[in-house]
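Please study the sequence and the three-dimensional structure shown below. The paragraphs that follow lead through them step by step.

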Amino acid sequence: MSRTVTLIPGDGIGPELAEATRRVLDASGVAFAWEVQDAGEGVMAQYGTPLPEHVLESIRRNKVAIKGPITTPIGEGFRSVNVTLRQALNLYANLRPARSIRGLESRYEDVDLVIVRENTEDLYAGIEHMVGRDAAESIKIITRAASERIARFAFEYAVANGRRKVTAVHKANIMKLTDGLFLEACRTVAEGYAGRVEFEDRIVDNMCMQLVQKPDLYDVLVLPNLYGDIVSDLAAGLVGGLGVAPGANIGEDGAVFEAVHGSAPKYAGQNKANPTALMLSGVLMLRHLGYPAVADRVETAIRDVIAEGRATTYDLGGDGTTSGFADAVIAQLEAAGPAGRAVTASTATVATAGR
Ligand code: NAD
């Protein structure tokens, strides 16, 4: 029996990364059936929208998708497909682990952070308008329900993955109502985990400085949408950059796995971009689908190839190619164990593990 998954290749460097990732996942031993769906600028002419209804239907039906990045026009044009997708499917939790990789040059060796970003509201609600010709206004929405839901996700993740602490990140000293409500919701949820998971909060600017200076003090961070987006790029920078930063968008009824990075159009079609971030997003997907042992095996293969430094791409200091990196990971998987053998899923885990 195969597991059907929606595969959205995306645009820019997306299709090359998606192909490299699909090959590695196919070599993992889990039998996947890929339902390939296109979205973005390329389908606008045919469907009149960058996110056709049949793409959403495919994800709703399969409950799981993996997607390459999709370009969003800046300042004008259609709304981000990525943001619309998360809102349409109510994928309220954006999980972005940042863990050091042996062999990569970075300032720290043992970073192990998990960013839990609220994915549905805040300034990403997309409520903006001009006030006359020379002023523009954007409305920041924070609700108690969404804040408590994301805080609960962060604590449940911490419990399920043996993490010790959750830090809520905010700017409640300035945005007393919106960020104040987010913080209050986090505090309320934290009470239910007292004695099991430690809780603290940090103002976002101080948090950024602390992460740059002493990332080892932190564990799971929970943030509203915008700070989550920014701080997860910062965390990616601590462990080797966007090329190695995976992500998952998780809701009650489905999950979409994608890298933190975008479509890097200047590298499109050159077989040059780093597929690690999307491959590690595939690892998160394997865990979510209930294949923790396969996920560990694939993650180890990816990490070992990077540690050897043989096939790494330009961003990691190597001169390898996208497809060559996939070949190396597949060879590593085959050398390490019985790939290609049918694997059965164990009970699916709620919170996709990041280690
Ligand atoms: P980007 O992440 O695409 O690229 C920034 C730089 O990071 C690149 O120029 C490149 O030097 C490097 N980089 C990123 N991914 C890499 C990889 N896999 N391998 C090697 N180097 C890599 O960010 P951007 O330039 O701000 O955005 C480009 C487009 O992507 C925009 O249209 C943006 O809206 C979109 N975007 C999409 C998503 C998504 O699909 N979820 C996320 C972020 C940005």
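With a relative accessibility of 0%, Thr6 counts as buried; the term buried stands for under 20% relative accessible area, exposed for over 50%, and partly exposed for what is in between, computed with a 1.4 Å probe on protein chains only. The model is a predicted one, in which local features need pLDDT of at least 70 and side-chain atom pairs count only at pLDDT 80 or more, while totals for chains, interfaces and linings use all residues. Residues are numbered from 1 along each chain as its sequence is written, and side-chain values use heavy atoms, with hydrogens and water left out.

Thr6 belongs to strand S1, residues 3-8. Helices (H or I, at least four residues) and strands (E, at least two) are DSSP runs, numbered from the N terminus. What surrounds this buried residue? Not counting residues up to four places away in sequence, Thr6 touches Glu35, Gln37, Ser58, Ile59, Asn62, Val64, Ala65 and Ile66, where contact means heavy atoms within 4.5 Å. With one of these residues, Asn62, the side chain of Thr6 makes a polar contact through its own side chain, at 2.8 Å. A polar contact is a pair of N or O atoms within 3.5 Å; within protein, one must be able to donate a hydrogen and the other to accept it, and residues adjacent in sequence count only if both atoms are side-chain atoms.

Ser58, another of the residues that Thr6 touches, lies in helix H3. Ser58 is buried, as its relative accessible area is 0%. Leaving aside neighbours within four places in sequence, Ser58 is in contact with Thr6, Glu35 and Gln37.

Helix H3 (53-62) also helps to cover the buried residues of helix H4. In H4, which comprises residues 81-88, the buried residues are Val81, Asn82, Val83, Leu85 and Arg86. Besides H3, their cover includes strands S3 (64-67), S4 (93-99), S5 (112-118), S11 (248-250) and S12. In general, an α-helix has 3.6 residues a turn, so residues three or four places apart point the same way. At the start of H4, a side-chain oxygen of Ser80 comes to within 3.2 Å of the backbone nitrogen of Asn82. Just after H4, Asn90 has a positive phi of about 55°.

Strand S4 contains Ala98. This residue is buried, with a relative accessible area of 4%. Ala98 and Asp112 are 14 residues apart in sequence, and their C-alpha atoms are 5.9 Å apart in space. Apart from neighbours within four places in sequence, Ala98 is in contact with Val111, Asp112, Leu113, Ala235, Ala236 and Val239.

The next strand to consider is S10, residues 220-223. In a regular strand the side chains alternate between the two faces of the sheet. Are the residues on the two faces of S10 buried or exposed? Val220 and Val222 on one side, and Leu221 and Leu223 on the other, are all buried, and both faces are covered. S10 runs parallel to S5, to which four bridges join it; strands pair if DSSP finds at least two bridges between them. Val116 has Val222 in S10 as its bridge partner. Strand S8 (residues 165-170) also pairs with S10 in the parallel sense, over three bridges, and here the bridge partner of Thr167 is Leu221.

The model also holds a ligand, surrounded by 22 residues, of which the closest are Thr72, Gly262, Ala264, Asn274 and Tyr314. A residue is near the ligand if one of its heavy atoms lies within 4 Å of it. By class, this shell has 10 nonpolar, seven polar and five charged residues. Here Ala, Val, Leu, Ile, Met, Phe, Trp, Tyr, Cys and Pro count as nonpolar, Asp, Glu, Lys and Arg as charged, and the others, Gly among them, as polar. Which distances link ligand oxygen atoms to polar protein atoms? An N or O atom in the side chain of Lys67 is 3.3 Å from an oxygen atom of the ligand, a polar backbone atom of Ile70 is 2.9 Å from a ligand oxygen, and a backbone N or O atom of Gly262 is 2.7 Å from one. The ligand taken alone exposes 810 Å², of which the protein buries 71%; accessible areas come from the Shrake-Rupley method with a 1.4 Å probe, and for residues only the protein chains shown count as cover.

Ala264, one of the closest residues to the ligand, lies in the loop between strand S12 (255-257) and helix H9 (276-288). Ala264 counts as partly exposed because its relative accessibility is 31%. Its phi is near 30°, a positive value in a residue other than glycine. Asn271 is found in the loop between S12 and H9 as well, and has a positive phi of about 55° although it is not a glycine.
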